[in-house]
Amino acid sequence: MKRLRYFIQRTILSMIQSPLLSGATIGTIAVALMLLAFFTLIVLNVQNITQQWSRDIQVTVYLERVPSTNKLEQWQQEIERHSVVENVTYISQEEAFERFRTRLGQNDDLLDGLLPEILPASFELSLTEEARSERGAENLVQELKKNPVFSDFRYGQDWLKRYDAFMFLLKLTGTLAGGFLIFATLFIISNTIKLTIYARRDELEIMTLIGATPMFIKIPFLTEGALQGIIGALLALGGCHALYYFFLKKGLSALLTTTAASNISFLPVPLQLGVILLGFLLGICGSMLPLRKFVRI
Amino acid sequence: MSMIQMCKIAKIYPNGAPALHDIDLQIPSGAFAYITGSSGAGKSTLLRLLYCADRPTRGQILMGKRNITRLSPRKIAFLRRQIGFVFQDFKLLVNRTVLENVALPLQVQGIGIEETRARAFELLQYVGLEYKMQRKPLELSGGEQQRVAIARAMIVRPKLLLADEPTGNLDYNLALEIMDMFSRINKEGTTVLVATHDQELIQQNPHRVISLKNGHMVSDSGPDTANNTGTQNIREAL
């Protein structure tokens, strides 16, 4: 109990007695983790938004002739059997004509005198998430083509190509920048802690001389590192939240032409806890390595 | 009874530099001895072997009846709790008060805070610095800092006090004051071993003098000079 009180006391006193070193460590952890958390926040939101875009990906199968009710059900079931098909909607000629009229807006008088029969009936197929790509759509089309009734397909090939390229670029940038950021964060934090412990190497030497056991010397440094890590992580989350609120919520919406700012969300609670845990672990592990070097009895 | 016995001690540093050669030495309990010699003679290395900061390349060291040549880090820590240290550069924690510095060795041993503070205050009275107990070391003069270091060394009631050039940073009068303090500590029963190259200081406070030159013991003279029975005792102890 005396020991525990000593360690707690030592941890807090040490931070008060060396405000510059503690401040530098906490500040570095806070800035580094804030960058990492903010990057994660951007990636997650971009992912969310692009996922919403991908819901618009669909394959349209135009029918040469209007099927009977029986045939319609039969074809619909045949399409639904494909595992990548999430939903099938039949669009009759009348519905297609109405849609066209709506799209024409003020120019809908162009359709005056025309009948719905000018437009073909169709099936609109929405795809499961994993199939929402150019390749996914093409594979489905190849499968559907086995039935000669389905001959005319539209799935926004050009748009899909651009979407795939964008997603590839996003993933590549995310992986490279994220990997670099994680490495830089670990490097900066571990070196800052190493420097602060190096600055206190006299203290470590004196403790060994007066008969402190290695664990007795290390524990206050480790708890101090852990506490600094947690404080740094909390500051990082606070800073990240400020950036999210004042910059990201409107900035990213405008950038990605998403009208609803409410679509941009902050880090989910498990990730916030993850940032705190990361700060805690970085504080402990960052302290442990230099202590192994400097505490030599 | 012997406090320290060294038998055929040699120390060669990992870079190949020899520091000590075949040192046979016996220091009785309650003795006061100087280890002297010019820079690089091996004085500090000899002390470092005694508080297990280094291990001898060859030979054995007994402290009391205990062989301290190959101790685990934990056992070294416990051994050091029975030794007081005083260094030329004081080795005080600059961000803690004088009282906290003096109390540190007892804190490390898990002694209660009340007892620790009372004993630290007692020791500060002993060295005449109780009125500066809330100051930080850098607010004190060199002589005062060394007295704080002595108080810290004495708080554990050590059987052995090791001092490595304790007056190296002090002027002559302060150095004499510190040496008087060591003599007083010695008279109270603590074995004192002082490494110094200051011959004038040795002449002012005559005690046994062990002289080293290039890692060899070249003379052992003065009061308390022990018969060299170290080898025999070590063999018995082993």
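B:K8 sits in strand β1 of chain B, the run that covers residues 2–12. In this predicted model, its backbone takes a positive phi of about 50 degrees, even though B:K8 is not a glycine. That is worth a second look, because most residues other than glycine have a negative phi. As for its surroundings, B:K8 has 15 other C-beta atoms within 10 Å, so it comes out as partly exposed. B:C52 is another residue of this kind: its phi is near 60 degrees, again a positive value in a residue other than glycine. The setting of B:C52 is a loop, the one between α1 (43–50) and β4 (58–63) of chain B. With 21 other C-beta atoms within 10 Å, B:C52 is buried; the cut-off for that label is 20 or more.

Strand β3 of chain B, residues 32–36, is mostly covered, with five of its five residues buried. Neither face is left open: B:F32, B:Y34 and B:T36 are buried on one side, and B:A33 and B:I35 are buried on the other. β3(B) also has strand partners. Strand β8 of chain B (residues 191–195) runs parallel to β3(B) and is joined to it by four bridges. One of the residue pairings here puts B:A33 together with B:L193 of β8(B). Strand β9 of chain B (residues 208–213) is likewise parallel to β3(B), with four bridges between them. On that side, B:T36 has B:S211 of β9(B) as its bridge partner.

Turning to confidence, chain B has an average pLDDT of 88, and 93% of its residues score at least 70. A weak patch turns up at residues 227–238 of chain B, where pLDDT stays under 50. For that stretch the model has 23 contacts beyond four places in sequence. The model as a whole scores ipTM 0.85 and pTM 0.72.

Next comes the place where the chains meet. Chain B puts 18 residues into the contact and chain A puts in 15 residues. On the side of chain B that touches chain A, the elements that give two or more residues are α2 (73–80) and α3 (98–108) of chain B. Of the elements on this side, α2(B) gives the most, with six residues. By type, the residues on the side of chain B that touches chain A split into nine nonpolar, four polar and five charged.

Chain A has a sheet of its own to look at. Four strands make up this open, antiparallel sheet, in the order β2-β3-β1-β4 (chain A). β2 (85–91) and β4 (150–154) of chain A are the edge strands; each has a single partner strand, so one side of each goes without a neighbour in the sheet. On average, neighbouring strands are turned by 25 degrees against each other, direction ignored. The partnership between β2(A) and strand β3 of chain A (residues 122–127) is antiparallel and rests on six bridges. Within it, A:I91 stands opposite A:S122 of β3(A). Helices pack on this sheet too. Helix α3 of chain A (residues 69–80) touches β2 and β3 of chain A, and its direction makes about 160 degrees with that of β2(A). Helix α5 of chain A (residues 134–144) touches β1 (58–63), β3 and β4 of chain A, and its direction makes about 25 degrees with that of β1(A).

On the domain level, the assignment for chain A gives domain 1, made of 2–53 + 163–294, and domain 2, which covers 58–154. Taken over C-alpha atoms, the centres of domain 1 of chain A and domain 2 of chain A are separated by 51 Å. A:T40 offers a closer look at another part of chain A, in helix α2 (residues 19–54). A:T40 touches A:L267 and A:L271, leaving aside residues up to four places away in sequence. A:T173 is 133 residues from A:T40 along the chain, and the C-alpha atoms of A:T40 and A:T173 are separated by 12 Å. A:T40 has 18 C-beta neighbours inside 10 Å, so it counts as partly exposed.

Technical notes. Residues are numbered from 1 along each chain as its sequence is written. Chains are lettered from A and ligands numbered from 1 in the order in which they are written. This is a predicted model: local features need pLDDT of at least 70, side-chain atom pairs count only at pLDDT 80 or more; totals for chains, interfaces and linings use all residues. Two residues are in contact if their C-beta atoms, placed from the backbone, lie within 7 Å. Ala, Val, Leu, Ile, Met, Phe, Trp, Tyr, Cys and Pro count as nonpolar, Asp, Glu, Lys and Arg as charged, and the others, Gly among them, as polar. Two strands pair if DSSP finds at least two bridges between them. Axes are lines fitted to C-alpha atoms, for helices over the stretch in contact, and angles run from 0 to 180 degrees between N-to-C directions. Domain bounds come from an automatic or database domain assignment. pLDDT is the predictor's confidence in each residue, from 0 to 100. A residue is buried if 20 or more other C-beta atoms lie within 10 Å of its own, exposed if 12 or fewer, and partly exposed in between; C-beta atoms are placed from the backbone.
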